[in-house]
Amino acid sequence: MIIIGEKINGAIPSVSQAIENRDEAFIRDLARRQAEAGANYLDVCAGRAPEHEEEELLWLIGVVQSETDTPLCVDSPNPRLLEKVVPQVRGKGLVNSVSGEGEKCEILYPMVRDLGWDVVALTCDNDGIPNETDKKVAIAFDLIERAAGYGIGPERIYIDPLVLSLSAVHDAMLNFTAAIRTIKGRYPTVKITSGLSNISFGMPYRKIINQVFLILSQEAGMDSAIMDPTNRDLYASILATDVMMDQDPYCRKYNRAYRSGRIGPVKK
């Protein structure tokens, strides 16, 4: 499972305050703890006022890259902003994101091609976010095929089928996992990713919903999760699912994580 650390996001009140105050120590701590917990990428999103987004995003990137060499997932809904910011990042990472909306593909795919980055692709278009499996799949196939026109192979694309909230759409999970299986059936090298929190929006005891969502999605073929890598229960769920799916021979990774204290009861 490819873990994209979610904690450096200005939509989180404590992070928004740290950005406002230019609190480098707070951001460094978030970056360090996620990297040490095993994040493969660190999502960096300013997520505040659009008129200040470029300045704030560049500040966040500078602070994070001064603390860790973990690759970044540079996150903004504004493709023109990503077009300006991403080339200033050290090393290669993930562009987050393209979709079927407007001219996002035409703006970002040439940059992705030229810089050698990978890219997150969301299954939404000008009509919004569909719940139906066939519509998710159609948008995903279109995004993959359009990327191919720029020389970007499926192995460089992280499709996010955008699960909707169960409190609003009762079959959201079933449609999401069906979309995963269909997309991976045609493009086995494409990667599937998702955030964990949308599924549980509006529900009580959200953490158990998120945990079960992660396990079922992993079984369906999800390769990546945008999540808190310091969450011991979520990390243990990933390793346990690998064991049960025969993707961890002799349970080596699971046992090693337990012996190191990365999973299991916190020792006092």
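Biologist: In this predicted model, which hand does the crossing of H7 past H8 have?
Modeller: Take the pair as helix H7, residues 172-186, and helix H8, residues 206-220. As H7 passes H8, the crossing is right-handed.

Biologist: Are H7 and H8 roughly parallel or roughly antiparallel to each other?
Modeller: Their axes lie 9 Å apart, and the packing angle is about 25°. Angles under 35 degrees count as roughly parallel. H7 and H8 are therefore roughly parallel.

Biologist: How many residues in the contact of H7 with H8 are nonpolar?
Modeller: On the H7 side stand Met173, Phe176, Thr177, Ile180 and Arg181. They meet Phe213, Leu216, Ser217, Glu219 and Ala220 in H8. In this contact two residues are polar, two are charged, and the nonpolar ones number six.

Biologist: Why is H2 oblique to H3, and at what angle do they cross?
Modeller: Helix H2 covers residues 24-36 and helix H3 covers residues 53-67. Their axes come within 9 Å. Roughly parallel needs an angle under 35 degrees, and roughly perpendicular needs 65 to 115. H2 is oblique to H3 because the crossing angle is roughly 55°.

Biologist: How many charged residues take part in the contact of H2 with H3?
Modeller: H2 passes H3 in a right-handed crossing. From H2 come Glu24, Ile27, Arg28, Ala31 and Arg32. H3 supplies Trp59, Leu60, Val63, Val64, Ser66 and Glu67. The contact has six nonpolar residues and one polar, while the charged ones number four.

Biologist: Which strands are the edge strands of the open sheet?
Modeller: The sheet has eight strands with parallel pairing, in the order S7-S6-S5-S4-S3-S2-S1-S8. An edge strand pairs on one side only. That holds for residues 191-192 and 224-227, which are strands S7 and S8.

Biologist: Which residue of S8 stands opposite Ile2?
Modeller: Strand S1, residues 2-9, pairs with S8 in the parallel sense over four bridges. Opposite Ile2, in S8, stands Ser224.

Biologist: And which residue of S2 stands opposite Asn9?
Modeller: S1 also runs parallel to strand S2, residues 41-45, and four bridges join them. Across from Asn9, in S2, is Cys45.

Biologist: Which residue in S6 stands opposite Val120?
Modeller: Strand S5 spans residues 118-125 and strand S6 spans residues 157-160. The two pair in the parallel sense over four bridges. Facing Val120 in S6 is Tyr158.

Biologist: At what angle to S4 does helix H5 run?
Modeller: H5 covers residues 104-115 and lies across both S4 (94-100) and S5. Its angle to S4 is about 150°.

Biologist: Is Ser16 buried or exposed?
Modeller: Ser16 is found in helix H1, residues 13-21. Leaving aside residues up to four places away in sequence, Ser16 touches Gly10 and Arg48. Its relative accessible area is 17%, and the cut-off is under 20%, so Ser16 counts as buried.

Biologist: How far apart in space are Glu132 and Ile199?
Modeller: Glu132 is found in the loop between S5 and helix H6 (133-148). Its relative accessibility is 38%, so Glu132 counts as partly exposed. Glu132 and Ile199 are 67 residues apart in sequence. In space, C-alpha to C-alpha, they are apart by 15 Å.

Definitions and conventions. Residues are numbered from 1 along each chain as its sequence is written. This is a predicted model: local features need pLDDT of at least 70, side-chain atom pairs count only at pLDDT 80 or more; totals for chains, interfaces and linings use all residues. Side-chain values use heavy atoms; hydrogens and water are left out. Axes are lines fitted to C-alpha atoms, for helices over the stretch in contact, and angles run from 0 to 180 degrees between N-to-C directions. Angles under 35 degrees count as roughly parallel, over 145 as roughly antiparallel, 65 to 115 as roughly perpendicular and the rest as oblique. A crossing is left-handed if the near helix is turned anticlockwise from the far one by less than a right angle, and right-handed if clockwise. Contact means heavy atoms within 4.5 Å. Ala, Val, Leu, Ile, Met, Phe, Trp, Tyr, Cys and Pro count as nonpolar, Asp, Glu, Lys and Arg as charged, and the others, Gly among them, as polar. Two strands pair if DSSP finds at least two bridges between them. Buried means under 20% relative accessible area, exposed over 50%, partly exposed in between (1.4 Å probe, protein chains only).
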